[in-house]
Amino acid sequence: MNEFRGPWPDGATGAMALTFDCDVTYAYSPARPDPAGPRTGEALFAKSPKRLQGYSRGLYGLHTALPRILAFLKRRDVLASFYIPGANVERWPDAFRAIVDQGHEVGAHGHEHENVSMYRDDPEAEAAVLDACLDAFGKHLGLRPTGYRSPAWDMNLHSARLLQERGFAYDFSLFAGEAPHLLSDIYPDQPDLLEFPIDWCLDDAPYFMWFMPPHLMAQFHGPDEVFEIWKAELDGIVGEGGVFTLTCHPSVIGRHHRMNILERLMDHVEARGDVWVAPLADIAGHVMRRQAAA
Ligand SMILES: [Zn+2]
C-alpha cells in the first residue's frame, strides 16, 4: 500500500485535520430510508411530530454548538473542514456562510444525508444526489466543494468514479491506512482518487452520541478517557508521518466538557510543535503537488 507520509510543510512530522459533519437534524432522523419514498426534512417532520426530540437535538448543534466551535477555531487560529448535506445549506445558508467567511473548508456530505448503500445498483440516483448537493453549494455559498465525505461512511463501487467525474479532489469515507493514498492503489478497478482514511475511534459519535432505548448507540464516556485515546492516536499517526483526522459533529462535540477535549488536544499539538494543522483540501493539494513533482 503506497501511502503519502511526507515530506510535510515547514518540516512537520505529520499532519492533522479537525473535521465536523454538520448533519443538523439528519443526525437524529434517518434520511430517506426508501430512495423512492418521500424526501425528509420539513415534509417528513411535518408528518411526524414525534421527531421533535431529534429535531431539537439537531438545532442545538446548529445554533449553540456551531458558533462555539467557530469561536474555538478562531481563538486557536486553526482552519478546519466542515462537511454539509446540500439540503442543510439550502435551509440555513447564513449559518454555513459563517463557516466559509472564517476561511474554513466546506465539503459535500450528500444532499439529505443519504446512506449511499441505497444506491448499490443505481449510480444514476447517487449521481443525482451529488448534483443536488453541488447545486445547493453553488447557489447558496457560491462555491464548488472539492472534498467529499459519505454520510454513514459507505461507498459503492461506482461512487469514486462519480466523484471524480464531478471534479472532487478527494474522498474521506474509508478505513484503509493512516495516511493519504490513491483508491486505485488498493481497490481493483477504482479511479485515481485521493483517499483520506477515517476510523470510528476517531469519531465523537461512538463515545457520546446517545439515543433513547432501544436504539442505544453509546454510553457516555468521560472526557479524560477520550482525550487519552485521541492523543495516543495523534502521537502514533503523526509520529509515522501520517494524517491524524478527527470526525466530530457539532451537536455531539459542542457540549462544554467535550470542547475541553479539543482544547487539550490543541494544547498538546502546540506543545509538540511538529504537526501541520490544515483543512483536508489544503492537505490534499499538498499531497497532489508532491506526487506530481515526484
Ligand atoms: Zn453525517
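Here are some notes on this structure, which is a predicted model, going from the overall build to the zinc site and a helix that packs beside the strands.

1. **Overall build.** The protein has 12 helices and nine strands. Its C-alpha trace spans about 55 × 45 × 35 Å along the principal axes. The radius of gyration is 18 Å, which agrees with the value near 19 Å for a compact globule of 294 residues.

2. **Burial and contacts.** Of the 294 residues, 54% count as buried. If you look at contacts with a separation of 6 or more, 73% of them come from residues 24 or more positions apart.

3. **Strand β1.** A good place to start looking is β1, residues 14–21. Eight of its eight residues are buried, so the strand is largely enclosed by the rest of the structure. Gly14, Met16, Leu18 and Phe20 point one way, while Ala15, Ala17, Thr19 and Asp21 point the other way. This is what one would look for, because side chains in a regular strand alternate between the two faces of the sheet.

4. **Partners of β1.** Which strands pair with β1? One is β8 (residues 243–248), parallel to β1 over six bridges, with Thr245 in β8 as the bridge partner of Ala17. Another is β9 (residues 275–277), joined to β1 by three bridges and also parallel; here Gly14 stands opposite Val275. β2 is a partner as well, again running parallel to β1, with three bridges between them.

5. **From β1 through β2 to β3.** Two of the residue pairs linking β1 and β2 are worth finding on screen: Thr19 with Ser81, and Phe20 with Phe82. β2 covers residues 81–84; Ser81 and Tyr83 point one way, Phe82 and Ile84 the other way, and all of these are buried. β2 is joined in turn to β3 (residues 105–108) by four bridges, in parallel. Phe82 has a bridge partner in this strand too, namely Val106.

6. **The zinc ion.** What are the protein donors of the zinc ion? They are two OD atoms of Asp23 together with NE2 of His109 and NE2 of His113, lying 2.0 to 2.4 Å from the ion. Along the chain these donors follow the spacing D-x85-H-x3-H. Asp23 sits in the loop between β1 and α1 (42–47) and His113 in the loop between β3 and α5 (123–141), so the pair ties together parts that are 90 residues apart in sequence.

7. **Geometry and burial at the zinc site.** Why is the arrangement of donors irregular? The four donor atoms subtend angles of 55 to 137° around the zinc ion, whereas a tetrahedral assignment would need all angles between 85 and 135 degrees. Both ligands examined for accessibility fall under the 20% cut-off for buried: Asp23 has a relative accessible area of 5%, and His113 has 15%.

8. **Helix α4 and its two sides.** In α4 (residues 93–101), the residues Pro93, Phe96 and Ile99 are buried. Seen down the helix axis, the buried residues fall within an arc of 115°, so they line one face of the helix. The face turned away from this buried side carries Asp94 and Asp101, which are exposed.

9. **What α4 packs against.** The buried residues of α4 pack against α2 (52–76), β2, α3 (86–91), β3 and α5. This brings the helix into the same picture as the strands β2 and β3, which pair with each other. Just after α4 comes Gly103, with a positive phi of about 95°.

10. **Phe137.** Is Phe137 buried or exposed? Phe137 is buried, with a relative accessible area of 0%, and its place is in helix α5. Leaving aside residues up to four places away in sequence, Phe137 touches several residues, including Ile84, Val89, Val106, Gly107, Ala108 and Leu143. Of these, Ile84 belongs to β2. Phe137 and Pro93 are 44 residues apart in sequence, and their C-alpha atoms are 9.1 Å apart in space. Pro93 is one of the buried residues of α4.

Definitions and conventions:
Residues numbered from 1 in each chain as written. Predicted model: local features only at pLDDT ≥ 70, side-chain atom pairs only at ≥ 80, totals over all residues. Heavy atoms only, no water. Buried < 20%, exposed > 50% of the residue type's maximum accessible area, 1.4 Å probe, protein only. Pairing = 2+ DSSP bridges. Donors = N, O, S within 2.8 Å, 3.2 Å for Na, K, Ca; no water. Tetrahedral: all angles 85-135°; square planar, octahedral: opposite > 155°, others 65-115°. Arc of directions from axis to C-beta. Contact = heavy atoms within 4.5 Å. Rg over C-alpha atoms; globule rule 2.2 N^0.38 Å.
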